[in-house]
Amino acid sequence: MFNFAYPLHLYLLALVPVLILLFLAARASRRAKLKRFGRPEIVEKMMPDASRYTPAVRIALQAIAIAALVIVVARPRTEGTVKTETAAGIEIVVAFDLSNSMLASSTDRADGVSRLDRAKLLLERLIDRLDNDKVGLVIFAGSSKVQLPVTSDFYTAKMYLNDLTPEMMGYQGTDIAAAIRMSMNCFSGVEDMHRAIILITDSEDHEGAAVEAARLAAENGIQVDVIGLGTPSGALVPGITDGNGQPVRSALNEDLARQIAEAGHGVYVNGASSGALSALTDQLDTLAKSEFDTVVYSAASEQFPTFAAIALIFLIIDIFVVDRKISWLRGIEFFNNRNRTAAAKAKKSK
């Protein structure tokens, strides 16, 4: 079925009957003026090249073109479809570290790519590798909050990545345990669904209890994997100083990252490693896929190009239609009395 993006624009179709009425009024005025010069049949013989029919043909072409253009402006489109499909996959919640330390370089070079930018790139590539899985997003620093509930809409998930900055967090610090607990609450209530938490962080845990939180997740059937950002030697955090006004250095705590992954029955990978994503996806593949229903949306299909083509065709035809008689129709009179009389005589002779 069709609908229109701007249905109110269809009121412009009222221009079509107005155009036709103006044409009829103009033709009536023309006939009245011709009568002033004499009998119409005699006057018409004085204008042998004037066509009776092409003005009507042209106004019809113009009316159709205007109607088509109005429909173009209203943007006709087919209705989008919504259907439910059965897929097999797992649920993944990404816990994304947005503490200020993520602004530090991800390498030993001060001008290297920041941990935040590298984390975004890794997450985007990870989402590209997911098939029928569902993904959610939790952001954390000193506190945690759900940024995106678990969904199979990977396009929306990627859109959220561009806006992730430490400024989104009102309370700085790094509370990994709270992030894991928040992530555990983000999963759907579907039974027999296998689940995983992917922790993306530099592992500077200011609050403690991260290992215990990962162990609790594993006890509830949730795998905890860790992607570490940064280097053990560390890097300065831009624009951040301590209480003495000295620059703050932040280093990757790989020992803690490995302990969290081990307690969560998962795997630890260093984000700088070329095989990080492959190792992570191999670990996720150890989880059995569960069947679930997913809603698939089909976007509306725009139909205005068809009507734009119709308008263009009729306008082009109108350009080549002139008010003079067509040469090969010059000797034909379609509706005069002589033709009607001849037709009547032929009928009587039968």
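Which residue of strand 11 is the bridge partner of Val226? In this predicted model, the partner is Tyr268. The pair belongs to a wider connection. Strand 8, residues 222–228, runs parallel to strand 11, and 3 bridges join the two. Strands of a sheet in general pair through backbone hydrogen bonds, in either a parallel or an antiparallel manner.

Both strands are part of an open sheet of 6 strands. The strand order is 6-5-4-7-8-11, and the pairing is mixed. The edges are formed by strand 6 (144–151) and strand 11 (268–270). Each of these has a single partner strand, so one side of each lacks a neighbour in the sheet. On average, neighbouring strands of this sheet are turned by 15 degrees against each other, direction ignored.

Helix 6 spans residues 176–184 and is mostly covered. Of its 9 residues, 7 are buried. Among them are Ile176, Ile180 and Met184. Ala177, Ala178, Ala179 and Ser183 are also buried. At the start of helix 6, Asp175 makes a contact with the backbone. A side-chain oxygen of Asp175 lies within 3.5 Å of the backbone nitrogen of Ala177.

Ala88 is found in strand 3, residues 81–89. Its relative accessible area is 33%, so Ala88 counts as partly exposed, between the limits of 20% and 50%. Ala88 and Met193 are 105 residues apart in sequence. In space, their C-alpha atoms are 9.7 Å apart.

A nonpolar patch lies on the surface. Leu312, Ile316, Ile319 and Phe320 make this patch, with an area of about 460 Å². Leu312 is found in helix 10, which covers residues 304–320. In an α-helix there are 3.6 residues a turn, so residues three or four places apart point the same way.

Terms used
Residues numbered from 1 in each chain as written. Predicted model: local features only at pLDDT ≥ 70, side-chain atom pairs only at ≥ 80, totals over all residues. Heavy atoms only, no water. Buried < 20%, exposed > 50% of the residue type's maximum accessible area, 1.4 Å probe, protein only. Helix = DSSP H or I, 4+ residues; strand = E, 2+ residues; numbered from the N terminus. Polar contact = N/O pair within 3.5 Å; in protein donor to acceptor, adjacent residues only side chain to side chain. Patch = residues over 30% accessible without salt bridge, like charges linked within 9 Å, V, L, I, M, F, W, Y side chains within 5 Å. Areas by Shrake-Rupley, 256 points an atom, 1.4 Å probe, with all protein chains shown as cover. Salt bridge = Lys/Arg side-chain N within 4 Å of Asp/Glu carboxyl O. Pairing = 2+ DSSP bridges. Axes fitted to C-alpha atoms, helices over the stretch in contact; angles between N-to-C directions.
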